[in-house]
Amino acid sequence: MFQTLTPQAPDKILQLIGMFNADPRTEKVDLGVGVYKNAQGVTPVMRAVRAAEKRIWDNETTKTYTQMPGEPAFHAAMAELVLGKGYPAERLAALQTVGGTGAVRMAFEIARMANPGTTVWVCDPTWPNHLTILDFMKLPRKSYRYFDAQARAVDFAAMIADLQAVQKGDLVLLHGCCHNPTGANLTLDQWGTVADLLAAKGAVPMIDLAYQGFGDGLEQDAAGTRLLATRLPEVLIASSCSKNFGIYRERTGCLLVLGDAANRAVTQNTLGFLNRQTYSFAPDHGARVVTTILTDPELRRMWEDELEEVRSGMLGLRSQLAEELRRLTNSDRFDFLAHHRGMFSRLGATPEQVEKMRTDSGIYMVGDSRMNIAGLNTDSVPVLARAIVAAGV
Ligand code: PLP
């Protein structure tokens, strides 16, 4: 039977990693893969994560199964992190998932179960996995314009114009912060406009929150999500702990589902069912680490301090790069790099220019010119700036 299989399209980022590894040049710069790296190019285990792991190691007495939808303590800690203190617990169902991707997948699954005819509206561009998961699930999707390629900023007028066509019961996927791949984000006022529009249309927002704490801060990065959560009757939120806790391989995520309090129990039951049908219990270790950190004041402070170092480090690199380019080009046309937030910025280079930067300067970025700012350090910023100018971007 396996003869019927055909190869899937290769993952562009994995291909890029292969090319980077094979490049013998020592001054090469990897801006491809979406993983945080410090100035030494290392993705560190965060201090609070180490401390929490030690505590778990010392105190854990069993490895028996947990609960099908995940531990309530994890749900509560994540709900408070994402929605803030005083979140409406009576309206909230939650699911521990296999990473943020698992939360995205389960959000699509429960939306399909609740409304088999749902169309999912996706921003253009978006994280490619959104599209491939939807296509794999055969869920109908439509896209709305999001990015003004010329200004390298959100094209809000186009976004709102496209979302006028949303139908009652459709799902509208939004990036909670640190938009991947562009780095361009909605202002809080714009989130308000989106909330009004979706409320008027009877559409349900699904927020992918994969980088909380990487943009403007833990609270600020959740502000748009919180605004929708207070204004709309139903909201799905897929939260990832991979980046902000640096626990990529532990596969830790959480799906939060806000709805009518009267439906909470059946929604919670459905979420557990989805885990059961897919992989049964989600992995425990990462979720236990996250719960330990978020519920212990000392570990939480340690985590927030390190996350702040990560965030401000990336902002510093953004400013340095924008300044270097201002100096080299005698213009402010790259200032958008300092305004973008999160790990990524879309530079706006053509595929040929991306290729030229790779061949001539050993700069590796994705073909659509998405750059991982965390792949830089203060020494490689001037190298990148010169390569950008030399490629004629
Ligand atoms: N959503 C977006 C937009 C992402 O960029 C990512 C990771 O790259 C994820 C979700 C999920 O990440 P993970 O499954 O590793 O938690």
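# Exercises on pockets, a cavity and two buried residues

The largest pocket holds about 1400 Å³ of space. Of its 48 lining residues, D11, I13, W127, P128 and N129 are the closest to the centre. The model under study is predicted.

## Exercise 1

Determine which elements line the largest pocket and where this pocket lies with respect to the two domains.

**Solution.**
Step 1. Begin with the elements. Those that give two or more residues to the lining of the largest pocket are α1 (12-22), α4 (99-114), β3 (120-124), α5 (128-136), β4 (141-145) and β11 (344-346).
Step 2. Find the main contributor. Helix α5 gives the most to this lining, with 7 residues.
Step 3. Sort the lining by class. The largest pocket is lined by 23 nonpolar, 14 polar and 11 charged residues.
Step 4. Turn to the domains. The assignment for the protein chain gives domain 1 (11-44 + 312-390) and domain 2 (65-295). Because both domains give residues to the lining, the largest pocket lies between them.
Step 5. Describe the pairing of the domains. Their C-alpha centres lie 28 Å apart, and 18 residues of domain 1 are in contact with 18 residues of domain 2.

## Exercise 2

Describe the lining of the second largest pocket by residue, element and class.

**Solution.**
Step 1. State the volume. About 430 Å³ of space lies in the second largest pocket.
Step 2. Locate the centre. Among the 20 lining residues, I110, A111, A114, E234 and V257 lie nearest to it.
Step 3. Assign elements. Two or more lining residues come from each of α4, β9 (235-240), β10 (252-258) and α10 (264-278). The largest share, 4 residues, belongs to α4.
Step 4. Sort by class. The lining divides into 11 nonpolar, 7 polar and 2 charged residues.

## Exercise 3

State how many cavities of 30 Å³ or more are counted, and which residues line the largest cavity.

**Solution.**
Step 1. Count. The result is 1 cavity of 30 Å³ or more, and the largest cavity contains about 80 Å³ of space.
Step 2. List the lining. It is formed by Y36, T43, P44, M46, F214, K243, N244, G246, Y248, L307 and V310.
Step 3. Sort by class. This lining has 7 nonpolar, 3 polar and 1 charged residues.
Step 4. Relate the cavity to the domains. Domain 1 and domain 2 each supply at least three residues to the lining of the largest cavity.

## Exercise 4

Decide whether Q96 is buried or exposed, and identify the backbone oxygen that lies 2.9 Å from a polar atom of its side chain.

**Solution.**
Step 1. Place the residue. Q96 belongs to strand β2 (residues 92-98).
Step 2. Apply the cut-off. Q96 has a relative accessible area of 3%, and buried means under 20%; Q96 is therefore buried.
Step 3. Identify the oxygen. It is the backbone oxygen of P283.
Step 4. Examine the surroundings. Beyond four places in sequence, Q96 touches residues including P69, F74, H75, N275, Y279, P283 and D284.

## Exercise 5

Decide whether V354 is buried or exposed, and state how far apart V354 and P128 are in sequence and in space.

**Solution.**
Step 1. Place the residue. V354 is part of helix α14 (residues 351-361).
Step 2. Apply the cut-off of 20%. V354 counts as buried because its relative accessibility is 2%.
Step 3. Give both separations. V354 and P128 are 226 residues apart in sequence, and their C-alpha atoms are 19 Å apart in space.
Step 4. List the contacts. Leaving aside residues up to four places away in sequence, V354 touches A349, M365, V366, G367 and S369.

Definitions and conventions:
Residues numbered from 1 in each chain as written. Predicted model: local features only at pLDDT ≥ 70, side-chain atom pairs only at ≥ 80, totals over all residues. Heavy atoms only, no water. Buried < 20%, exposed > 50% of the residue type's maximum accessible area, 1.4 Å probe, protein only. Polar contact = N/O pair within 3.5 Å; in protein donor to acceptor, adjacent residues only side chain to side chain. Contact = heavy atoms within 4.5 Å. 1 Å grid on protein atoms, 1.4 Å probe; cavity = no way out; pocket = protein on both sides within 12 Å on 5 of 7 lines; lining within 4 Å. Points joined across faces, edges and corners; volume = space filled by probe spheres on them. Nonpolar A, V, L, I, M, F, W, Y, C, P; charged D, E, K, R; others polar. Domains from an automatic or database assignment.
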